[in-house]
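Trainee: I am new to this structure and would like a close look at a single part of it, the empty spaces inside and along the protein. Could you take me through them with care?

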Amino acid sequence: MTRTTPVSTMNALLLNEPAIRLGAFASVFALMAVWELIAPRRRQVVPRGRRWPANLAIVALDVILVRVLYPTGAVALAMLGEAKGFGLLNAYAVPMWLAVPLAVVLLDLVIYLQHVLFHAVPVLWRLHRMHHADLEFDVTTGARFHPIEILASMAIKLTVVAALGAPAVAVLIFEVALNATAMFNHSNVRLPAMADRTLRWLVVTPDMHRVHHSIVVRETNSNFGFNLSWWDRLFGTYRDQPAAGHEAMTIGIEQFRDVSEQRLDRMLTQPFRGDAQGYPLGRISTD
């Protein structure tokens with residue numbers, strides 16, 4: 001016996017998924033970009049004009065490559081799983097009211113573990129470090145990932161969606177939430193201290209995730225969560241604040257400190273230049 005989404009709902013999801021995701025992305029991006037102008041958390045030394053063109057070009061390139069190389073997206077694969085009955089949640093006919101939140105939480109856990117993996121394995125760190133090589137921290141940083149990393153991440157996501165048998169609705173909710181929270185928690189915005197402390201018990205806040213973008217190794221090795229904040233607390237990777245404070249901390253990594261590295265051509269070639277330096281999880285800090 002399998003659990004299935006009604007055909008009408010499946011068709012609506014498949015037809016409207018690109019519009020839903022694009023609309024959510026554009027809305028959250030615009031909101032956070034304006035918020036950064038009104039109430040910035042840090043003064044930016046490298047202006048938007050030196051970083052945003054390449055960061056946004058990377059986003060466009062990532063979207064095109066994923067659509068071309070993965071014509072069957074995660075939502076479509078989830079629909080196929082429901083129709084054919086493959087995947088854990090389908091095999092056990094878990095009711096929709098339980099399967100949807102369970103799938104969203106488990107997918108978020110996979111993203112956390114994947115993030116740790118991309119810091120721990122040198123060849124994967126070569127790909128991921130482009131995200132960390134941004135010299136500032138704002139809404140565009142949240143979407144700045146090397147195209148090869150995006151393709152590898154998509155392969156992992158499709159594998160997990162198929163194995164889990166995640167409902168299509170859950171996959172869409174997760175995709176929209178992940179994109180929205182990634183832009184939110186990478187934004188250069190100031191939250192009231194009380195709001196930040198409260199929100200941290202559920203989701204990753206900008207102050208929480210900014211610590212992860214510190215140049216200090218022991219801080220880079222913390223706060224891996226993108227959406228739900230529980231995983232860092234549960235697995236012992238949570239760090240409350242940067243040692244230097246948010247205004248004084250240095251953003252980025254030791255490599256690629258020159259502003260020229262923010263050009264699109266330099267960003268795309270970063271995985272193939274220099275060495276991985278066993279960084280960051282390969283280096284143990286005793287501080």
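Mentor: Let us begin with helix 2, which gives three residues to the lining of the largest cavity, the largest share of that lining. Please keep in mind throughout that this is a predicted model, and that what follows is computed from it. The elements that give two or more residues to the lining of the largest cavity are helix 1, residues 7–38, and helix 2, residues 48–69. The full lining is made up of Phe25, Phe29, Asn55, Leu56, Val59, Val139, Thr140, Ala143 and Met183. Sorted by class, seven of these lining residues are nonpolar and two are polar, while none is charged. As for size, the largest cavity has a volume of about 40 Å³, and the count of cavities of 30 Å³ or more comes to one.

From this enclosed space we can turn to the open ones, the pockets. The largest pocket holds about 980 Å³ of space. Its lining has 32 residues, and of these the closest to the centre of the pocket are Arg21, Ile150, Lys157, Glu175 and Asn179. Helix 1 and helix 2, which we have already met at the cavity, appear here again, since each supplies at least two residues of the lining of the largest pocket, as do helix 5, helix 7 (147–164) and helix 8 (168–185). Whereas the lining of the largest cavity has no charged residues, the lining of the largest pocket has seven of them, alongside 18 nonpolar and seven polar residues.

The second largest pocket has a volume of about 170 Å³. Arg42, Arg43, Val45, Val46, Leu135 and Glu136 are among the residues that line this second pocket, and Glu247, Met249, Thr250, Ile251 and Arg257 complete the lining. By class, this lining has five nonpolar and five charged residues, with one polar residue besides.

Helix 5, which we met at the largest pocket, also lets us finish on the surface. Leu102 is found in helix 5, which covers residues 96–120, and together with Trp97, Leu98 and Leu106 it makes a nonpolar surface patch of about 390 Å². Leu102 counts as partly exposed because its relative accessibility is 33%, a value that lies between the limits of 20% for buried and 50% for exposed.

Conventions:
Residues numbered from 1 in each chain as written. Predicted model: local features only at pLDDT ≥ 70, side-chain atom pairs only at ≥ 80, totals over all residues. Heavy atoms only, no water. Patch = residues over 30% accessible without salt bridge, like charges linked within 9 Å, V, L, I, M, F, W, Y side chains within 5 Å. Areas by Shrake-Rupley, 256 points an atom, 1.4 Å probe, with all protein chains shown as cover. Salt bridge = Lys/Arg side-chain N within 4 Å of Asp/Glu carboxyl O. Helix = DSSP H or I, 4+ residues; strand = E, 2+ residues; numbered from the N terminus. Buried < 20%, exposed > 50% of the residue type's maximum accessible area, 1.4 Å probe, protein only. 1 Å grid on protein atoms, 1.4 Å probe; cavity = no way out; pocket = protein on both sides within 12 Å on 5 of 7 lines; lining within 4 Å. Points joined across faces, edges and corners; volume = space filled by probe spheres on them. Nonpolar A, V, L, I, M, F, W, Y, C, P; charged D, E, K, R; others polar.
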